[in-house]
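Notebook open, coffee poured. I wanted to look up pockets and surface patches in this one.

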Amino acid sequence: VIGYVLAGFTISSIFHFAEDSKEMLSHLAEFGIVFLMFTIGLEFSVKHLKKMKKEVFVYGGLQVILSGLLFTGLSVWIVGMDMKSAIVLGFALALSSTAIVLKILNDNNQIQSGYGRTALGILIFQDLAVIPILLMVSFFTSESDSISVLLLETFASAIVLFLIIFIIGKYFLEKFFGWIMASGSEEIFLVAILLGVMGASYMAHFFGFTYSLGAFLAGMMIAETKYRYRIESDLIPFRDILLGVFFVTIGMLINWESLVNHGHIILGLLVGIMMIKGLIIFGILQFFIQKRTAIKTAWALFQVGEFSLAILALAYANKLISNEVNQIMIITVVLSMIITPFVLKNIK
């Protein structure tokens with residue numbers, strides 16, 4: 001992961017990619033997270049997820065709300081930001097890195113461990129929380145739509161999306177893969193899987209949600225079929241290649257001039273954000289689970305994640321934050337992600 005990020009930084013520094021080239025590459029790289037979330041979904045059927053209600057909605061909900069409110073307060077009090085900008089920034093900092101944490105937990109076979117399940121539950125809620133945070137940005141910059149209309153549209157879209165994916169998964173998926181298997185063609189089977197993942201991802205995006213949420217739901221539906229293990233083994237090479245591209249694009253976001261000019265601010269923010277976030281996660285979890293598991297989960301999720309970068313980009317495009325703040329926060333987020341693999345590799 002570190003190698004990919006450093007490669008992206010080096011490539012960007014030497015070749016000075018145009019912004020439209022970076023954007024095109026970042027869209028391709030996003031499918032790395034899509035395939036990662038799909039393979040995670042394969043591990044967690046609907047029955048499995050029902051058993052994780054507490055991890056997702058209680059631990060995840062408390063973590064996002066408390067972290068978001070605290071970072072919002074600090075942004076207003078210390079930095080002097082206006083309330084709208086502070087809320088967006090505060091809740092962006094509440095999110096952790098799904099791509100890095102789940103990849104390393106998968107590599108270490110720790111996804112089913114006590115702290116792995118807790119971390120996964122919180123990350124799933126964070127992925128869901130991206131939607132209202134992005135809606136907040138739209139609401140703060142919208143001159144026409146009321147918040148009640150936006151919330152109603154989102155709720156209706158969520159119901160339609162879940163119903164479509166549930167109906168397809170329940171009544172059509174097993175038969176569909178049965179027909180594909182009858183052809184005896186490995187290539188057609190692989191193309192059918194890719195079609196399923198990308199179709200579910202695009203459907204989620206069409207209804208206003210993240211690509212990765214659609215992929216996760218599709219994975220959960222396929223987990224109910226007998227083809228889950230074969231599909232997982234076929235998709236791993238695609239997932240790993242596209243995740244590599246994703247981490248390269250993360251490295252390309254680092255602006256070395258901002259790193260030199262604002263190094264002391266970035267370092268202070270980096271240490272402060274990771275400490276505060278880790279303490280909040282530990283503080284919440286110690287009341288529900290063993291302290292050792294709570295500490296390990298806090299170490300796993302103390303960074304800021306890739307969806308925060310998407311929120312920062314939207315906030316900057318809508319003039320909620322300045323270019324200087326945007327660059328400082330991007331570098332802080334990326335550095336927190338770079339530190340994470342060193343920590344996760346040493347959690348015992």
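Classes before anything else: I count Ala, Val, Leu, Ile, Met, Phe, Trp, Tyr, Cys and Pro as nonpolar, Asp, Glu, Lys and Arg as charged, and the others, Gly among them, as polar. The model is predicted, so I keep local features to pLDDT of at least 70 and side-chain atom pairs to pLDDT 80 or more, while totals for chains, interfaces and linings use all residues. Residues are numbered from 1 along each chain as its sequence is written, and side-chain values use heavy atoms, with hydrogens and water left out.

Pocket entry. On a 1 Å grid over the protein atoms alone, a pocket is an open set of points with protein on both sides within 12 Å along at least five of seven lines, and lining residues have an atom within 4 Å of a point. I looked up the largest pocket and got a volume (space filled by probe spheres set on the points) of about 1,600 Å³. It has 41 lining residues, with Ser26, Leu253, Leu309, Ala310 and Ala313 closest to the centre. That lining splits into 21 nonpolar, 14 polar and six charged.

Next entry. The second largest pocket comes to about 720 Å³. Its lining holds 30 residues, and Phe57, Ile124, Leu128, Phe162 and Leu213 lie nearest the centre. I find 27 nonpolar, no polar and three charged residues there. Helix 7 (helices being DSSP runs of H or I, at least four residues, numbered from the N terminus) gives the most to this lining, with nine residues.

Key:
1 Å grid on protein atoms, 1.4 Å probe; cavity = no way out; pocket = protein on both sides within 12 Å on 5 of 7 lines; lining within 4 Å. Helix = DSSP H or I, 4+ residues; strand = E, 2+ residues; numbered from the N terminus.
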